[in-house]
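Please work through the exercises below with the sequence and the structure at hand, trying each task before reading its solution.

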Amino acid sequence: MESCLCKRRVLVFLIYYLWVAMEVIGQTENSSVVLVSEEKKRVIDIGALYTVNSAIGRSAGPALVAAIDDVNSDTTILKGAMLNLVLQDTNCSGFLGTVEAMQLLEKKIVAAIGPQSSGIAHVISHFMNELHVPLLSFGATDPTLSSLQYPYFLRTTISDYFQMNAIADLVVYFGWKEVVAVFVDNDYGRNGVSALGDALVKKRARISYKAAFSPTASITDLDNLLVRANLLESRVFVVHVNPDSGLNIFSVAKRLGMMGSGYVWIATDWLPCFLDSLETIDSSKNELIQGVVSLRHYTRESDLKTSFKNKESSKFNSYALYAYDSVWLLAKALDTFLISGENISFSDDPKLQENNRTTLDFTSLRIFDQGEKLLNILTATNFTGLTGEVRFDSDKNLINPAFDILNYGGSGSRRLGYWSNYSGLSIVPPESLYAMPPNNSITSQHLYSAIWPGETTVKPRGWVFPNNGKPLKIAVPYRISYPEFVTKDKGPMGAKGYCIDVFEAAVALLAYPVPHQYILYGDGLRNPSYNDLVNDVAQNKYDASVGDVTITTNRTRIVDFTQPYMESGLVVVAPVRQSKSSPWAFLMPFTWQMWGVTGIFFLLVGAVVWILEHRTNTEFRGSPRQQLITIFWFSFSTMFFSHRENTVSTLGRSVLILWLFVVLIINSSYTASLTSILTVQQLSSRIQGIDTLISSSDPIGIQDGSFAYRYLINELNVAESRLRILKSQDEYLKALEQGPSGGGVAAIVDELPYVELFLASTKCSYSTVGREFTKTGWGFAFQRDSPLSIDLSTAILQLSENGELQRIHDKWLSHEIGCSSQTTAIEDSRLSLKSFWGLFLICAIVCFVSLTVFFCRVFFQYTRYSAEDDSHHNIEQPEEPARPSRRNLRATSFKDLMDFVDKKEVEIKEMFRRKSEDSSRRHIGQSGNDLPSPSS
């Protein structure tokens, strides 16, 4: 025993001296080595939580290690410290992941990177909040992981909130309204699909069916799930599952024949995540995803990203890039933290110390004292990494979220375009749009064409009729009155009428069969309530309603209508009587304003022509009495083109030609209007329209089941006590014959198509009064967002264009209706001034211009005449007489002017000629007197 102990001592002694000798030799051989006097670098532990053996883990693991190595080898960051990565494998288990996270927190980490599982992130975020340890997750995309609930949770990847908005924009871009969501039933799947539903609702689309399956579902479970989904109407499937098991969905779908033509498959980012993590993609996997459209995180190309991919030999997906940037984000934040002089310390949690009444050792979990400080630095950090700019907004989401839109076909994938939260769908990279104003309008959304399942470039319709063998349940009003539109039939269809024929003709134009059955709505004793009928369609009791259903504002809020196939509107029907002829009927064609203006212009034109012709035309001269008679005679004789006076002046002829044209138009219009008034039978009623009906207190008849009942009460404020429900055409007649005094009604308010049929059977004893006071139409009602309503609207337009709609109308509603529009009031046939004011204006302008030219010419002549007369007077009487008063001078001048105007044009010209000769003789005489005599 002692000898053994001695041997051990000798061995230790020899080892010690051997180590000393080696140190001395080392120092002797390498004199350049400098002894380090500083302390060793401080080691800062950071945690990592992810599933190592998973599609994300296989890429993220090497990326984390590479990032740690790059940080520790960078001398510009974390001087005097180095990062140590503490890894915990969550093993794809929520329970084990939580246990691993607690073990990680025991090791005094300052932050944790991960987890990739949203479910684990929900659980451990509570621990992180309590211990003030920031959690940087590069893989938990659940949009419900809110910074408000989990302040120490920092998502370093893109939230599924944005991915689901991208899918919603994609669905709307291609014109689809319903999708089937296939998802894994966990926090990641449920909350992601919930965000998708919210995004679709904003775009007026929806999830028609949620096909959820367990994370541990077998192939048989998936088979049953997709069989149920395939029985539905929608053919657009959105797949939101875990990357490692997602291809099982496509494998089952292909076996069921659901990867062929007509189907649409949209996968979230799990598909490129899985494929990008593989070294090679074999043909069997590639065949499963032909025609699939998928989203992938968009990371712009850069030298940093290229050098990272070239340096690493492993295959990396986008989550690996976010994991790499997460390490650098934490390193830069810690660098700022240490530079500010902060120390890393931990303290006991008093809550755990007081409440630890179990055998579990929670006392080893300690609070990171500077956790809040580090969290604030993390959210404020901004740098450029592999994924681009790393910066957080106020909600702690990465700024500028964007996705690639991929289409798988052949042996790989092609990019259809991009989606960004800034500008929606585009074919240019998102960063090129950030400098422009945001534009999310429908016209600005663009993508390249896709290759869909079945190797077709034709966009799938996105829906079919369900394969469950159930035809469409179509409610048909069981009408009692006006059976021509729709009513019960003993034939195989069970219904007949105008509306049924229009629907059948429209369905026949569709490119696909529409199995349907008619279900009578009503008891057959009275017309059903159409509001109740529409509500039942909205509540999914029926798939559609075919009949005389009026399109109203309130109804369009709960159902979708097709294009109207029949124009309609509310009118008033009232008893009418024939108007007696009036002895003053000849005055009715014109309104009193028209008569007055016409008479004034007759006199005005006569006076203008007289003024223009008076100086040149002897027929317009004579005594004042004769001239006045001439003006009146000439004015009114032009009405019959019987004037005898000829016009000789150019101005007079211009005015007369235009006036005769005006008279021709007035005569023709008067004749036509008078003919209409005297030859068309005029009907009158004390009810002139809806306004006079409302202002009275008389009862009003309403068809049973019509929307007009609520319309009059709610919109026109008619007292409900005034309304009388009429169930049949016989009740119409009886109520109108009795009148208000006999217990009937003063008028009936109903839609025009019904009224036309009613009037055709009354021999014009009743008629519509006033005009239509609403403009509506009849359409087929479908449940909200039903794609069939759009296709049928197109079919109805085709029926209208090819004349088939009119043919069906003539078949059922071809009654001769000769009195429905004969209540046009006399006032509507009378001609008013607004129809002729243009002619009168032109005539007035021509008269004014002609008078202006005439008076300018007269004024010029009078000025010349006055000047020559004054000159002659001065020569004969050189001595200036006594100056007359101003009043006498003005009176003399006006009298001279009137006398001058009254002279004939010939006399004035002769006067000017004589004066010109006299002036010439005087000028010659003066020249002779001025010559010297011969004696001188």
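**Exercise 1.** In which sense do strand β3 and strand β4 pair, and over how many bridges?

*Solution.* The model is a predicted one. Begin by locating strand β3 at residues 112-113 and strand β4 at residues 135-137, which pair in the parallel sense over two bridges. Within this pairing, L135 of β4 is the bridge partner of A112. Helix α4, spanning residues 118-131, packs on the sheet and touches β1 (42-50), β3, β4 and β5, while its direction makes about 155° with that of β4.

**Exercise 2.** Find the order of the five strands in the open sheet, and explain what is special about β2 and β5.

*Solution.* First read the order, which is β2-β1-β3-β4-β5, with parallel pairing. Then look at the edges, where β2 (81-89) and β5 (153-155) each have a single partner strand, so that one side of each is left without a neighbour in the sheet.

**Exercise 3.** Describe the surroundings of P429.

*Solution.* Start with its place, which is the loop between β17 (424-426) and β18 (472-477). Next, leaving aside residues up to four places away in sequence, note that P429 touches Y298 and Y418. P429 and G417 are 12 residues apart in sequence, and their C-alpha atoms are 8.0 Å apart in space. Finally, P429 has a relative accessible area of 28%, and is therefore partly exposed, since that class lies between under 20% for buried and over 50% for exposed.

**Exercise 4.** Which residues make the nonpolar surface patch of about 620 Å²?

*Solution.* The patch is made by W837, L841, I845, F848, V849 and V853. Taking I845 as an example, one finds this residue in helix α28 (residues 837-876), where I845 is partly exposed with a relative accessible area of 47%.

Note on methods
Residues are numbered from 1 along each chain as its sequence is written. This is a predicted model: local features need pLDDT of at least 70, side-chain atom pairs count only at pLDDT 80 or more; totals for chains, interfaces and linings use all residues. Side-chain values use heavy atoms; hydrogens and water are left out. Patches are made of residues with over 30% relative accessible area and no salt bridge: like charges are joined within 9 Å, nonpolar side chains (Val, Leu, Ile, Met, Phe, Trp, Tyr) within 5 Å. Accessible areas come from the Shrake-Rupley method with a 1.4 Å probe; for residues, only the protein chains shown count as cover. A salt bridge is a side-chain nitrogen of Lys or Arg within 4 Å of a carboxyl oxygen of Asp or Glu. Helices (H or I, at least four residues) and strands (E, at least two) are DSSP runs, numbered from the N terminus. Buried means under 20% relative accessible area, exposed over 50%, partly exposed in between (1.4 Å probe, protein chains only). Contact means heavy atoms within 4.5 Å. Two strands pair if DSSP finds at least two bridges between them. Axes are lines fitted to C-alpha atoms, for helices over the stretch in contact, and angles run from 0 to 180 degrees between N-to-C directions.
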